[in-house]
Amino acid sequence: MNFQQDKLPLTAAHAALKVPQGFYYLDARDTAKVLTDLRGNPPDASHSELGMIFPANLSPENPTAWGAIVSYSDDGYVSDADAESTDYDAVLSQLKTETIEGNAEREKQGYEPITLVGWAEPPRYDKSLHALHWARDLVFGKDMNAPHTLNYQLRILGREGVLQVNFVAGMDQLQDIKSNIASVAGLVSYDQDKKYEDHVEGDKIAAYGLAGLIATAAGAKIAAKIGFLALALAFLKKGGIILAVAAGAIFRP
C-alpha cells in the first residue's frame, strides 16, 4: 500500500487534503483493498470512496485501528442558516422512531434490528470550518446488553457539495476520535472558487440543511421528510459490519 502524506488532490471533491505527520492517507485503490481484502467486504459493495485517513501509529491491518472513510456528495450548496435554530433533540427523537419502524424491513431482509440509544456525541457545527459532526450510540440485535456501536460522522461544506468523513471505530475509541475531529476537519481545503464562502446566487442548492445532513445517514423515511431523497444508511457494528440498509450493501470494519 502507498501510505501518503503532504498535500494531496481530491479531484472529485474540488478539494485538497493536507495530511500531516500524525496521519497517513490511502487512495481509492488502497481503500478498496482495506475494505475488501482486510475487512472482508464484497468487491462490488461500494465504489464511492475517495480514500481513507488513519492515525500514523496504527496500520490498517491492526484490528484496533480507527480509520476515516472519505467520500463526496455533489448535491449542491447546503445552507447553514439552521445551525443555531435546529432542535437536535427533536431530530434524535424522529430518528429513533424511524429506526424502530425500519426494523421490520431489516429483519425481513435477514439483518439484525437496530436500536438508536442516543447521541454518543450531539451534533456540533463549527462555523469557521463549515463542518458539522455528530455520533450515534447504536445497539445491533435484540440484546440490549450487547456491546454498543459508534457511528461518528463529519461533514465539511463546500460551494457545490459536501465532503463526507465517516469514522470506522468502536465505542471505546470515541474520545480518541473526538480529540482528532478538529484536526481531521482542518486537513481539508476546497479549491479556489469552490469554497463554502464562494457561494453566489444561482448556484445549485441542496434540498436539505444541516438537519438533513444527519438524516441522510439515517434512512429513507426521515430523510424524505426533511427533503433529501437520494440517501444511504450506514451503521457501524463493532467487530462486525457497517450496514447500508437503503442500498443493501454490507461493509465490515
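## A lysine in the S7–S8 loop

Let's start at Lys142, an exposed residue with a relative accessible area of 68%. In this predicted model, the side chain of Lys142 forms a salt bridge with that of Glu107, with 3.5 Å from N to O. Lys142 sits in the loop between strand S7 (131-140) and strand S8 (149-157), while Glu107 belongs to helix H2 (residues 88-108), so this pair links parts that lie 35 residues apart in sequence. Glu107 itself is partly exposed, at 36% relative accessible area.

The Lys142 pair has company: searching the whole structure turns up seven salt bridges. Two others are worth a visit below.

## From helix H3 to strand S6

Lys178 and Glu121 make another salt bridge, and their closest N and O atoms are 3.1 Å apart. Here the lysine is in helix H3 (residues 174-185) and the glutamate in strand S6 (residues 114-126), so the two tie together parts separated by 57 residues in sequence. Glu121 is buried, with a relative accessible area of 6%, whereas Lys178 is partly exposed at 32%. The pair is also part of a network, in which salt bridges with shared partners join Glu121, Arg124 and Lys178.

## A salt bridge within helix H1

Helix H1 offers a local example: the side chains of Asp30 and Lys33 meet in a salt bridge of 3.6 Å, N to O. How far apart are these two residues in helix H1? They are three residues apart in H1 (residues 28-38), which means a separation of about one helical turn. As a reminder, an α-helix has 3.6 residues a turn, so residues three or four places apart point the same way. Asp30 is buried, with a relative accessible area of 5%, and Lys33 counts as partly exposed at 31%.

## The two faces of H1

Asp30 is one of the buried residues of H1, along with Thr31, Val34 and Leu35. These residues span an arc of only 140° around the axis, and therefore lie on the same side of H1. What do the buried residues of H1 pack against? Their partners are strand S3 (23-27), strand S4 (51-55) and strand S5 (67-73).

Turn the helix around and you will find the exposed residues Arg29 and Asp37, on the face of H1 directed away from its buried side. Arg29 also features at the start of H1, where its backbone nitrogen has a side-chain oxygen of Asp27 within 3.2 Å.

Definitions and conventions
Residues are numbered from 1 along each chain as its sequence is written. This is a predicted model: local features need pLDDT of at least 70, side-chain atom pairs count only at pLDDT 80 or more; totals for chains, interfaces and linings use all residues. Side-chain values use heavy atoms; hydrogens and water are left out. A salt bridge is a side-chain nitrogen of Lys or Arg within 4 Å of a carboxyl oxygen of Asp or Glu. Helices (H or I, at least four residues) and strands (E, at least two) are DSSP runs, numbered from the N terminus. Buried means under 20% relative accessible area, exposed over 50%, partly exposed in between (1.4 Å probe, protein chains only). The arc is that of the directions from the helix axis to the C-beta atoms. Contact means heavy atoms within 4.5 Å. A polar contact is a pair of N or O atoms within 3.5 Å; within protein, one must be able to donate a hydrogen and the other to accept it, and residues adjacent in sequence count only if both atoms are side-chain atoms.
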